[in-house]
Amino acid sequence: QLTADLDLAFFVLYSSAAGVLGSAGQANYAAANAFLDALATHRHTTGLPATSLAWGPWADSGMLQNLDAADLARMRRGGIPPLAPDEGLALFDAGVVSGVPAVAPVRLNLAAFRKAPAVPALLRGLIRTPSRRTAQTGTGHTSALAQRLLTLPTPERTRLLLDTVRAEIAAVLGHDTPDTIPAERAFTELGFDSLTAVELRNHLNTVTGLRLPATLVFDHPNPTLLAHHIETELLPTDTTNP
């Protein structure tokens, strides 16, 4: 409103890729930035200058300065590495002269997206991944993991499930090996928060074929208890005659 009558050459808004791709635990932040993109689009339709730049993270500056090593590792695994300052400046120039009211200057690591449990809907036309069966609650569906478990005696079955859970925990926390994950250590002591809890749930959904709740690590607060829960979800009560 304050600038509507001014003869502006540029009207540039700093938005965020969170409003385009989504960002775990940042729904309010994503919505606020989506509003900036919409404002730029509205101005553009009325003939006013407008560019909204939905930035990905910048290296050594901005919000990244408030993130710890685990957060940075999670971001890189998520397929969005930070922009170097010279890349960001070049993308600023390209975005402002593009004539498009809302653009997303973001670096994408496509290889990381292909390994992720789920590709953002917006990128599914760009990134090809192996087709996966829709996750089920366990009824009427036997995953490859469940089929393997049915062939094992109880001690080996328990060991395989615990090893699987610990491997996924290590991947989520950025550990090189699951050997660093104590089986009886509480998830809160391992460093889990609400975001890593959801990430682990997503990994385990992919591995097991189940549809597990987001509260998984709070309901079953250490790797051993979680492995036992997954066993009860994956296998029928009576496995004497599979």
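This is a short walk through a three-strand sheet, the helices across it and a surface patch.

Before you click, note that the model is predicted: local features need pLDDT of at least 70, side-chain atom pairs count only at pLDDT 80 or more, and totals for chains, interfaces and linings use all residues. Residues are numbered from 1 along each chain as its sequence is written, and side-chain values use heavy atoms, with hydrogens and water left out.

**Stop one: the sheet.** Select E1 (12–16), E2 (residues 51–55) and E3 (residues 102–103); strands are DSSP runs (E, at least two residues), numbered from the N terminus. They form an open sheet in the order E1-E2-E3, with parallel pairing. E1 and E3 are the edge strands, each pairing on one side only. Pairing requires at least two DSSP bridges between two strands: five join E1 to E2, and two join E2 to E3.

**Stop two: Leu-53.** Show Leu-53 in E2, with Tyr-14 opposite. Its bridge partner in E3 is Val-103.

**Stop three: all of E2.** Which way do its side chains point? Thr-51, Leu-53 and Trp-55 point one way, Ser-52 and Ala-54 the other. Five of the five residues are buried (under 20% relative accessible area, 1.4 Å probe, protein chains only), so E2 is largely enclosed by the rest of the structure.

**Stop four: the helices.** Now add H2 (residues 27–45), which lies across E1, E2 and E3 at about 150° to E1. H4 (residues 85–96) also lies across E1, E2 and E3, running at about 150° to E2. Helices are DSSP runs (H or I, at least four residues); angles run from 0 to 180 degrees between N-to-C directions of axes fitted to C-alpha atoms, for helices over the stretch in contact (heavy atoms within 4.5 Å).

How values were computed: Patch = residues over 30% accessible without salt bridge, like charges linked within 9 Å, V, L, I, M, F, W, Y side chains within 5 Å. Areas by Shrake-Rupley, 256 points an atom, 1.4 Å probe, with all protein chains shown as cover. Salt bridge = Lys/Arg side-chain N within 4 Å of Asp/Glu carboxyl O. Buried < 20%, exposed > 50% of the residue type's maximum accessible area, 1.4 Å probe, protein only.
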